[in-house]
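Work through the exercises below with the model open. Each task is followed by a stepwise solution.

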Amino acid sequence: MIGRLNHVAIAVPDLEAAAAQYRGALGANVGAPQDEPDHGVTVIFIELPNTKIELLYPLGENSPIQGFLDKNPSGGIHHVCYEVDDVVAAAAHLETEGARVLGAPKIGAHGKPVIFLHPKDFNGCLIELEQN
Ligand code: CO
């Protein structure tokens, strides 16, 4: 069911410093910051030849990233995103497999529907599924 790896998301304690490091030391193609108020994050996408890296930084009071950064002050991998053909069908299938889908589909950072799967059901890894 899952297709390509769309991105790996890394929560960072300093967005400008992280972007500068990817642009400079790692020589990557780093995009501009985008505020995603519906998700409580500011994101920067980094284009790699075979996938993307999403730098995540908290936005607003109740950002889901803040708790993660409180536990991981130097940052860390927050989620991986796989592509699927249909997030609604994928959610229905995963529920029959006993996995917990976190909430209803939302429009993600690429303007496409996304869902998240409970990390405790997937080896401690938060999974995002993006419709492509
Ligand atoms: Co993501």
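**Exercise 1. The metal site**

Which protein donors does the cobalt ion have?

Solution. This is a predicted model.
- Step 1: List the donors. They are His-7 (NE2), Glu-54 (OE), His-79 (NE2) and Glu-128 (OE).
- Step 2: Check the distances. These donors lie 2.1 to 2.5 Å from the cobalt ion.
- Step 3: Read the spacing along the chain. The donors follow H-x46-E-x24-H-x48-E.
- Step 4: Place two of them. His-79 is in strand 6 (residues 76–84) and Glu-128 is in strand 9 (residues 127–131). The pair is 49 residues apart and links distant parts of the chain.

**Exercise 2. Geometry and burial**

Why is the arrangement around the cobalt ion irregular?

Solution.
- Step 1: Take the angles. The 4 donor atoms subtend 85 to 174° around the cobalt ion.
- Step 2: Test for tetrahedral. Four donors need all angles between 85 and 135 degrees. The upper end here is 174°, so the tetrahedral label fails.
- Step 3: Conclude. The range of angles makes the arrangement irregular.
- Step 4: Turn to accessibility, where buried means under 20%. His-79 has a relative accessible area of 3%, so His-79 is buried. Glu-128 comes to 5%, so Glu-128 is buried too.

**Exercise 3. The partners of strand 6**

Pair strand 6 with strand 1 and with strand 9, and give the sense of each pairing.

Solution.
- Step 1: Begin with strand 1 (residues 5–11). Strand 1 and strand 6 are antiparallel, with 6 bridges.
- Step 2: Find a facing pair. Val-8 stands opposite Val-80 in strand 6.
- Step 3: Move to strand 9. Strands 6 and 9 run parallel and are joined by 5 bridges.
- Step 4: Find a facing pair here. Tyr-82 is opposite Leu-129 in strand 9.

**Exercise 4. The nonpolar cores**

Which residues touch the most other members of the largest nonpolar core?

Solution.
- Step 1: Name them. In this core of 25 residues, they are Tyr-22, Leu-55 and Leu-129.
- Step 2: Trace the suppliers. Elements giving at least two residues each include helix 1 (15–23), strand 5 (52–58), helix 3 (87–96) and strand 9.
- Step 3: Inspect Tyr-22. Beyond its neighbours within four places in sequence, Tyr-22 contacts Ile-10, Gly-27, Ala-28, Val-30, Ile-46, Ile-53 and Leu-55.
- Step 4: Look for another core. A second, separate one has 10 residues, among them Ala-11, Phe-45, Leu-56 and Ile-65.

**Exercise 5. One residue in strand 7**

Is Ala-104 buried or exposed?

Solution.
- Step 1: Locate it. Ala-104 is in strand 7 (residues 101–107).
- Step 2: Apply the cut-off. Exposed means over 50%. Ala-104 has a relative accessible area of 58%, so Ala-104 is exposed.
- Step 3: List contacts, leaving aside neighbours within four places in sequence. Ala-104 touches Val-114 and Ile-115.
- Step 4: Add a distance. The C-alpha atoms of Ala-104 and Val-88 are 8.8 Å apart, with the two positions 16 residues apart in numbering.

**Exercise 6. The whole chain**

How many helices and strands does the chain have?

Solution.
- Step 1: Count. There are 3 helices and 9 strands.
- Step 2: Order them. The pattern is β-α-β-β-β-β-α-β-α-β-β-β.
- Step 3: Test the packing. For 132 residues, a compact globule would have a radius of gyration near 14 Å. The chain has 15 Å, which agrees.
- Step 4: Add the extent. The C-alpha trace spans about 45 × 30 × 25 Å along its principal axes.
- Step 5: Close with burial. Buried residues make up 43% of the chain.

Note on methods:
Residues numbered from 1 in each chain as written. Predicted model: local features only at pLDDT ≥ 70, side-chain atom pairs only at ≥ 80, totals over all residues. Heavy atoms only, no water. Donors = N, O, S within 2.8 Å, 3.2 Å for Na, K, Ca; no water. Tetrahedral: all angles 85-135°; square planar, octahedral: opposite > 155°, others 65-115°. Helix = DSSP H or I, 4+ residues; strand = E, 2+ residues; numbered from the N terminus. Buried < 20%, exposed > 50% of the residue type's maximum accessible area, 1.4 Å probe, protein only. Pairing = 2+ DSSP bridges. Core = buried A, V, L, I, M, F, W, Y, C linked by side-chain atoms within 4.5 Å. Contact = heavy atoms within 4.5 Å. Rg over C-alpha atoms; globule rule 2.2 N^0.38 Å.
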